[in-house]
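Student: I'd like to learn how to read a structure like this one. Could we go through it feature by feature?

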Amino acid sequence: MSFFSHFNKILHGRFASPKILVLCSLSSGGLIAYADSASDKEQLISEQNDNKETRKKRVLVLGTGWAGTSFLKDLDISSYDVQVVSPRNYFAFTPLLPSVTCGTVEARSIVEPIRSIIKKRNGEIKFWEAECLKVDPVNKKVLCRSNIDENLAGNNEFSLEYDYLVIAIGAQVNTFNTPGVFEHCYFLKEIEDAQRIRRAVIDRFEKAILPELTEEERKTNLHFVIVGGGPTGVEFAAELHDFVNEDLINLYPSVKDLVSISVIQSGDHILNTYDERISTFAEQKFRRDGIEVLTGHRVLSVLDRTVNMKIKSTGQNISIPHGMVVWSTGVGTRPVVKDFMEQIGQGNRRILAINEWLRVKECDDVYALGDCATVDQRKIMDDISAIFKVADKDNSGTLTKEEFKDVIEDIIIRYPQVELYLQKKHLSDVYDLLKDVDGNNKEGVDIEGFKLALSHIDKQMKSLPATAQVAAQQGAYLARCFNMREKCTLEPEGPQKFRSGGRHEFLPFRYRHLGQFAPLGGEQAAAELPGDWVSMGQSTQWLWYSIYASKQVSWRTRFLVVGDWTRRFVFGRDSSRI
């Protein structure tokens, strides 16, 4: 028998033992490839399945603002494949934007490149400078487009897939559909807005000193109107007043008596989200400084040289001339978020709704943080019957103090409005809720009495403010949830699920208010601190300096900001139009 005949018999399995022996004895060649071909395919399929199982979950983050950056800084990126998309390749310390408008702080002093932030992490975070155009929650894809010069080679549009999506793209200016706002007003949301305002202020002064202008025309050019008496509008008015009186009147002395600043507020007071004492202090200081505060006025339209308003108390329509209008009246939903809301059944809402764990309602694996979303806190009265049923362990139809004690901790965690209600009513003990009208303890309470005792609690529910403080805390909270996902799946840490049983995996998000500042110019500020503390005056301004310096995201920006403050004290603000 020839070698080839013997080889053929081996291949067709006539001699099983020699085949095995030959396979073991040879170290290479086609024979081994032939004999192992089936097992190789099985191994390859097995490896592919293992790769799918061991592949890191893709976390796609949209936005590099307060919420997105806070999330990225705290996320354990060794457990996830993290991708970031934002039209800006930097993080901006937005509370100092009003200072940028007048040169108190330079724009580059309050921005940190996002790549510098993410490279400090132990792991790789992919970043693309692009704008999100559309979210496809069904296929878990996001369509993006780069705003970089389209004349460069390559396509500017691309799509990304995700396992978890974190929407943190912020909000846009809310004009309330007021005619003429987009055409004739300046906004203060981005670094570019602050730089644009800074150039516009200088332009008004340069135009006002030109020859052959009438005094009325000069007054019109130098009338600065701020629409919105919230923190941003008030701080800009204060910064502008200091810029004019400390620097510009020395450079433009001929028009120093023609400058005027007006703040228009539709409500009864400016800073109406602050303590009443701060609102009063701010209004009094503005009057002393010559800043006109027009409360109870609603803007009807903005023209190129006039602002039309209605006085709410009398219904009278009036007009005032202006040289420049800064619009700062709150925020609205961006078009891409609005489109996403339409897809998931939230099209009738004004803002994207998320639950207490920051997950978008009606959409799994999608989270939203910051100004682009609002927490839709569940009402305790929606679950009151389920709570009573869980607490009433002996099914007696009456809830005793001991039975209430077993569930009260979960109730306080699940429904934060309970704690707010206790604070407002100055109740030292949660069991005081079950007392009768005379303040006497009850031995037990039935379902109707339980409903009556908790019926007023939901009135304490409030929406979280659209502030950097809220966004940063939400980002840190969500990062913690992602870091503890595996552990909390096995050992849930959240409160009871009163309706379905079991426990929630995570504790719900709980905002902790750390206070808020309102710089009012002239080295004076007001602060609302935890514990109902209110501070006003020059010492508060120095507290503002120290806290805002410490809150910078890097030592580089910290030194730059402090250096800008020092330069302003020594040399004044720069009035160059660059």
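Tutor: Sure. Let's begin with a pair of helices: helix 9 and helix 11 cross in a right-handed way. Keep in mind that this is a predicted model.

Student: What is the angle between helix 9 and helix 11, and how far apart are their axes?

Tutor: Here's the general idea: two packed helices are described by the angle between their axes and the distance between the axes. In this case, helix 9 (residues 191-208) and helix 11 (residues 231-251) pack at about 45°, and their axes are 13 Å apart. Helix 9 and helix 11 are therefore oblique to each other.

Student: Which residues make the contact between helix 9 and helix 11?

Tutor: Helix 9 brings Ile197, Val201, Ile202 and Phe205, while helix 11 brings Phe236, Leu240, Phe243, Val244 and Leu248. Sorted by class, the contact of helix 9 with helix 11 has nine nonpolar residues, no polar ones and no charged ones.

Student: How many aromatic pairs does the structure hold?

Tutor: There are 24 aromatic pairs in the structure. Take phenylalanine 205 and tyrosine 252: their ring centres are 5.3 Å apart and their planes are at 40°, so the pair is tilted. Phenylalanine 205 sits in helix 9 and tyrosine 252 in the loop between helix 11 and strand 12 (260-265), so this pair ties together parts 47 residues apart in sequence.

Student: Let's try another helix pair. At what angle do helix 14 and helix 17 pack?

Tutor: Helix 14 (residues 384-391) and helix 17 (residues 447-454) pack at about 125°, with their axes 10 Å apart. That makes helix 14 oblique to helix 17. The crossing of helix 14 and helix 17 is right-handed.

Student: And which residues of helix 14 and helix 17 meet?

Tutor: On the helix 14 side you'll find Ile384, Ser385, Ile387 and Phe388, and they meet Ile447, Phe450, Lys451 and Leu454 in helix 17. By class, the contact of helix 14 with helix 17 has six nonpolar residues, one polar and one charged.

Student: Now for sheets. How should I read those?

Tutor: Strands of a sheet pair through backbone hydrogen bonds, either parallel or antiparallel. One open sheet here has three strands in the order 14-15-16, and the pairing is antiparallel. Its edge strands, strand 14 (297-302) and strand 16 (317-321), each pair on one side only. Neighbouring strands of this sheet are turned by 30° against each other on average, direction ignored.

Student: Over how many bridges do strand 14 and strand 15 pair?

Tutor: Strand 14 and strand 15 (residues 306-311) are paired over five bridges, in the antiparallel sense. Look at serine 301: its bridge partner in strand 15 is asparagine 308.

Student: What joins strand 15 to strand 16?

Tutor: Five bridges do, and strand 15 and strand 16 run antiparallel. Lysine 310 stands opposite asparagine 317 in strand 16. Strand 15 and strand 16 also form a hairpin, with five residues between them, and glycine 315 in the turn has a positive phi of about 80°.

Student: What is the strand order in the open sheet that includes strand 7?

Tutor: The order is 6-7-8, a three-strand open sheet with antiparallel pairing. Strand 6 (131-136) and strand 8 (157-161) are the edge strands, each pairing on one side only. From one strand to the next, the twist averages 25°. Strand 7 (residues 141-145) and strand 8 pair over five bridges in the antiparallel sense, and the bridge partner of lysine 141 in strand 8 is glutamate 161.

Terms used:
Residues numbered from 1 in each chain as written. Predicted model: local features only at pLDDT ≥ 70, side-chain atom pairs only at ≥ 80, totals over all residues. Heavy atoms only, no water. Axes fitted to C-alpha atoms, helices over the stretch in contact; angles between N-to-C directions. Helix = DSSP H or I, 4+ residues; strand = E, 2+ residues; numbered from the N terminus. Parallel < 35°, antiparallel > 145°, perpendicular 65-115°, else oblique. Left-handed = near helix turned anticlockwise from the far one by under 90°. Contact = heavy atoms within 4.5 Å. Nonpolar A, V, L, I, M, F, W, Y, C, P; charged D, E, K, R; others polar. Pairing = 2+ DSSP bridges. Phe/Tyr/Trp six-rings, centres within 6.5 Å; stacked < 30°, edge-to-face > 60°.
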